[in-house]
Amino acid sequence: MEENLFNCQVRVAGYTSHRRKAVTPRDYERIILEAFPLIDCVKCIPCFDHDKPSAGTVTIAVVPAKEPGKEKTWKLLSPSYVRKQIKTYLMGCSSPKIKAIRVVNPDYLLVKIKCEIDIHPQFPLSNCKARLNTLFNDFIASWLSREETPCFGYSLSLSELYKQVRQQEYIHQIRHLSLILQKREQKYFRLQEYTDIKQVIQPPLPHTIFLPADEHTIGLKVLPSFGINEMDIDKNLIIK
């Protein structure tokens, strides 16, 4: 693709700022984005190795660009050979003081929302459930619906979630609202539930990206009463 004037000016300005010498985290990020067009987003974490501080180690999380025509996926991962190429390239740009460079995929963390809600009787259950599911997904990762680049360092506020749910016209009362983090550890998931409305959930690692779980636990009840024929029963709906 032919480079236009604006893109040329951006590329030249970026190059003159680092001159292919990585000193600051921003230098590392710009060098990778210029040298590897298949990488869409970079997060450089200095003095960090795995999950702890480490002097002389630079950890870099890379997010690949979406490939046209490929099946849509929420977890964008770079293959090991690409990460190895990036590491080798950066070794030639880094200071001798840098002892190690780690190029990794983002730490994707699944988030499930659990709720029990009373809704007004004039609204269909199935429609309310679908709208809540969309709201939850957008709250956890708003960049998904806009098909934008994933966001590093994004926190989740339970009070903001409560506010967004309460503003929906079909909501009468929120009986329960919580957020569950699902962290995969080898062959099992470790679950951590947050129920305090004042809590703000921070990403556990600098390169964590929150993603919606495959399904949320949505319990709906129609007021003033409901019958079984009014329910849309599946694994996402709880009837009590």
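## A tour of sheet, helices and a salt bridge

Begin by selecting strand β2, residues 52-64, together with β3, and you will find that the two pair in the parallel sense over 5 bridges. This is a predicted model, and everything on the tour should be read with that in mind. Within this pairing, pick out Ala61, whose bridge partner in β3 is Val104.

Now widen the selection to the open sheet, which has 3 strands in the order β1-β2-β3 with mixed pairing. Which strands stand at the edges? They are β1, residues 39-49, and β3, residues 100-104, and each has a single partner strand, so one side of each is left without a neighbour in the sheet. If you turn the sheet in your viewer, look for its twist, which averages 20° from one strand to the next.

Keep the sheet on display and add helix α2, which lies across β1, β2 and β3 and runs at about 145° to β1. Helix α3 should be added next, since it is also part of this picture: α3 packs on the sheet, touching β1, β2 and β3, and its direction makes about 150° with that of β3.

With both helices shown, turn to how they meet one another. Two packed helices are described by the angle between their axes and the distance between the axes. For α2, residues 25-35, and α3, residues 80-91, the axes come within 11 Å and cross at roughly 120°. Because of this angle, α2 counts as oblique to α3, and the crossing of the two is right-handed. To see the contact itself, select Tyr28, Ile31, Ile32 and Ala35 in α2, which meet Ile86, Tyr89 and Leu90 in α3. By class, the residues of this contact divide into 7 nonpolar, no polar and no charged.

Move next to a second pair of helices, α4, residues 125-140, and α6, residues 158-166, whose axes come within 11 Å and cross at roughly 150°. Why is α4 described as roughly antiparallel to α6? The reason is the crossing angle of roughly 150°, because angles over 145 degrees count as roughly antiparallel. Here α4 passes α6 in a right-handed crossing. Select Leu132, Leu135, Phe136 and Phe139 of α4, and then Glu160, Leu161, Gln164 and Val165 of α6, to display the residues that make the contact. This contact of α4 with α6 has 6 nonpolar, 1 polar and 1 charged residues.

The last stop concerns charged side chains. Side chains of opposite charge can pair when their charged atoms come close. A search of the whole structure finds 5 salt bridges, and one of interest for this tour joins the side chains of Asp118 and Arg175, at 2.8 Å from N to O. Selecting the pair shows a link between distant parts of the chain, with Asp118 in strand β4, residues 107-119, and Arg175 in strand β6, residues 171-185, 57 residues apart.

How values were computed. Residues are numbered from 1 along each chain as its sequence is written. This is a predicted model: local features need pLDDT of at least 70, side-chain atom pairs count only at pLDDT 80 or more; totals for chains, interfaces and linings use all residues. Side-chain values use heavy atoms; hydrogens and water are left out. Axes are lines fitted to C-alpha atoms, for helices over the stretch in contact, and angles run from 0 to 180 degrees between N-to-C directions. Helices (H or I, at least four residues) and strands (E, at least two) are DSSP runs, numbered from the N terminus. Angles under 35 degrees count as roughly parallel, over 145 as roughly antiparallel, 65 to 115 as roughly perpendicular and the rest as oblique. A crossing is left-handed if the near helix is turned anticlockwise from the far one by less than a right angle, and right-handed if clockwise. Contact means heavy atoms within 4.5 Å. Ala, Val, Leu, Ile, Met, Phe, Trp, Tyr, Cys and Pro count as nonpolar, Asp, Glu, Lys and Arg as charged, and the others, Gly among them, as polar. Two strands pair if DSSP finds at least two bridges between them. A salt bridge is a side-chain nitrogen of Lys or Arg within 4 Å of a carboxyl oxygen of Asp or Glu.
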